[in-house]
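Me: I'm new to this one, so could you walk me through it and explain the terms as they come up?

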Amino acid sequence: MKDCQPIITVRGLANRFGEQVIHENLDLTVCRGEIIGVVGGSGTGKSVLMRSIIGLQTPDEGEIEVLGENMVGRTEDEAKNIRRRWGILFQNGALFSTLTVAENVEVPIREYFPYIKPPLLDEIASYKIAMGGLPPDAGPKYPSELSGGMVKRAGLARALALDPELLFLDEPTAGLDPISAAAFDELILGLQKRLDLTVFLITHDLDTLYAICDRVAVLADRKVIAVGTIPELLALDHPWIQEYFNGPRGRAAADTAREHAEA
Amino acid sequence: MRILGALTITRAASINREIDAEADPLVIDLSGVERMDTVGAWLVYRAVRDRNAKVVGASPEAKSLLDQVAEFDKPAKVRPEEGASFFRILAELGEWIVESGRTLVGLLGFFGATLIGFANVVSRPKRFRWNAVVQRFDVVGIRALGIIGLMSFLIGIVIGQQGAVQLQQFGAEIYTINLIGRITVRELGTLMTAIMVAGRSGSAFAAQLGTMKITEEIDAMRTIGVSPIEALVIPRMIASVVMMPLLAFWAMLMSLLGGGIFVWLSLGIPPLTYVQRLQEVTPLTDLWVGLIKAPVFGFIIALAGCFQGMLVESNSEEVGLRTTTAVVQSIFLVIVLDAVFAVFFSSIGWG
């Protein structure tokens, strides 16, 4: 990718849980304005990589820089500045179960801008909910009353609350039906274009990869074995990559993507 | 008005005030804006929508942001509707009564379901998971020995010390032994053990089953054909019914030990005298009273814990709530039953 302006830089990352080595000498650079998809078999440490980048997991070795700031060994105060500039959608939504959807969206705004008055706050929450693709009547509902797809959308609305520059999505389309998944892809692509977002996307969904990702990073053998556009990855001769993209599902997704492009 | 610099969430409150302070007709000049986010766009859009404000000097990016927030202008409520406070309190009271009635009926139903489960286990004992029961014996009984022993030992000392202070006034310190012997064996050994088991195991039962309910483990069991009552509830009940008398006996011994050490060191009554005197003043019926109550308390604790755990429906907050209820309910029921037992045993002459 030409003129890459790095927004996330990971150098020599190592993560171990006891005897089990998850990452060893892992490098990854994410450029401003791109949607990067992270793929890998189950247990290759995709979520651990995301948790390391966002500071929920202290790596055993390595350097991580996000938005120009060092993430390893910094104090809680320093981290606050960065936390304001990113939004995170967890795999299961991670909505606060005692708050309504709208109150969930308001949490980050209240935390950083306590002087914004409730009427304005409620209006902001309202259009963030609409932005996340939820109907207005979802606002006063509690997370336990929502379907899986709505929980993801509500999580996205909360992640977007502070107009982040950087969005982390952990398997956003997992567990959604194909129609909702496609709608979710569209939504993310649309938001990314309009709000000039950088998106770090963990996914198993081949359709999502073809539909919205600018580049794909492949995790295997404890590191990122390749980063590039899908055609670039297909040109590589790694067995896992070949199997992943050229397996029956990979081909089907590629066909769909081609048809869409032609239509 | 002309907005300069950043039109973002950081300045949202002050810009909102400025816009409100401007008189109609309002013209907003965005040519000096360097950076705008959706919150800024929302403030401008709102002025356009509500006050027919004119926007001039907007850059193409700003225009697209304004269009975008306009597209998402769908007012949503933030909280569920609440009625007037009087009716709300009335409604809450009604809900509480209905809920209490349902809980009582539910508890009865759950009791019935466990009886059926017991019958199934008895008719097909080979299919029953005895391993699970043994494991519960360990968790409920053996692992509680330390804390219950220590607690009872200290209670023995406290009873001895408090009793001695009062009885010394009459020169009747020797009766401290009567006090220690009778109160620990008849009442406190069992009661304190029940409270400790309710706090330790009753709460654990509720939390474990509640979590399994949320993660759909219990649904998975049902679909496989394993009865959750037989696999989860009955082992816990057997464990707490069997372990309670044993723990209560252990608690009595430790209390007697604590009291004995106290009277030896503080009142100078040698251990041999203490034991002889205990034998003379504590009737065997006291031990029976204590030990008969124990399995009943154990059953109540397991019943309340498992029942509350199985009631968990939706979210993790409910697990905490149900766990609290389980402990409160079981301790309350234990004390009520203890009072009933006290009346019963004295009326059959085991006073």
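Me: What makes you say that α1(A) lies across β1, β2 and β4 of chain A?

Reply: Contacts do: two residues are in contact if their C-beta atoms, placed from the backbone, lie within 7 Å. Helix α1(A) lies across those three strands, running at about 120° to β1(A). Axes are lines fitted to C-alpha atoms, for helices over the stretch in contact, and angles run from 0 to 180 degrees between N-to-C directions. The names come from DSSP runs, numbered from the N terminus: helices are H or I with at least four residues, strands E with at least two.

Before we go on, please keep in mind that this is a predicted model, where local features need pLDDT of at least 70, side-chain atom pairs count only at pLDDT 80 or more, and totals for chains, interfaces and linings use all residues. Residues are numbered from 1 along each chain as its sequence is written, while chains are lettered from A and ligands numbered from 1 in the order in which they are written.

Me: Which strands are the edge strands of the sheet β2-β1-β4-β5 (chain A)?

Reply: That open sheet has 4 strands with antiparallel pairing. Its edge strands are β2 (20-31) and β5 (69-70) of chain A, each pairing on one side only.

Me: How do you know that β1 and β4 of chain A pair?

Reply: Two strands pair if DSSP finds at least two bridges between them. Strands β1 (residues 6-17) and β4 (residues 61-66) of chain A are joined by 5 bridges and run antiparallel, so they meet the rule. One example is A:R11, whose bridge partner in β4(A) is A:E63.

Me: Why are β6 and β10 of chain A at the edges?

Reply: Their sheet is an open one of 6 strands in the order β6-β7-β8-β3-β9-β10 (chain A), with mixed pairing. β6 (86-89) and β10 each have a single partner strand, so one side of each has no neighbour in the sheet. Neighbouring strands here are turned by 15° against each other on average, direction ignored.

Me: Where does α1(A) meet this sheet?

Reply: Helix α1 (residues 46-53) of chain A packs on the sheet, touching β3 (35-40), β7, β8 and β9 of chain A. Its direction makes about 145° with that of β8(A). β8 (residues 198-202) runs parallel to β7 (residues 166-170), with 5 bridges joining them, and A:L167 stands opposite A:V199 in β8(A).

Me: What lies between β9(A) and β10(A)?

Reply: The two form a hairpin with 2 residues between them, and A:D221 in the turn has a positive phi of about 50°. They run antiparallel with 5 bridges; A:L219 has A:V224 as its bridge partner in β10(A).

Me: Why is α1(B) called roughly parallel to α2(B)?

Reply: Helices α1 (residues 12-21) and α2 (residues 38-51) of chain B pack at an angle of about 15°, with their axes 10 Å apart. Angles under 35 degrees count as roughly parallel, over 145 as roughly antiparallel, 65 to 115 as roughly perpendicular and the rest as oblique, so this pair is roughly parallel. The contact is made by B:A12, B:I15, B:N16 and B:I19 of α1(B) and B:V39, B:L43 and B:A47 of α2(B).

Me: How many residues of chain B are in contact with chain A?

Reply: In chain B, 24 residues are in contact with 27 residues of chain A. Helices α1, α2, α3 (60-71) and α12 (316-347) of chain B each supply at least two residues of that side.
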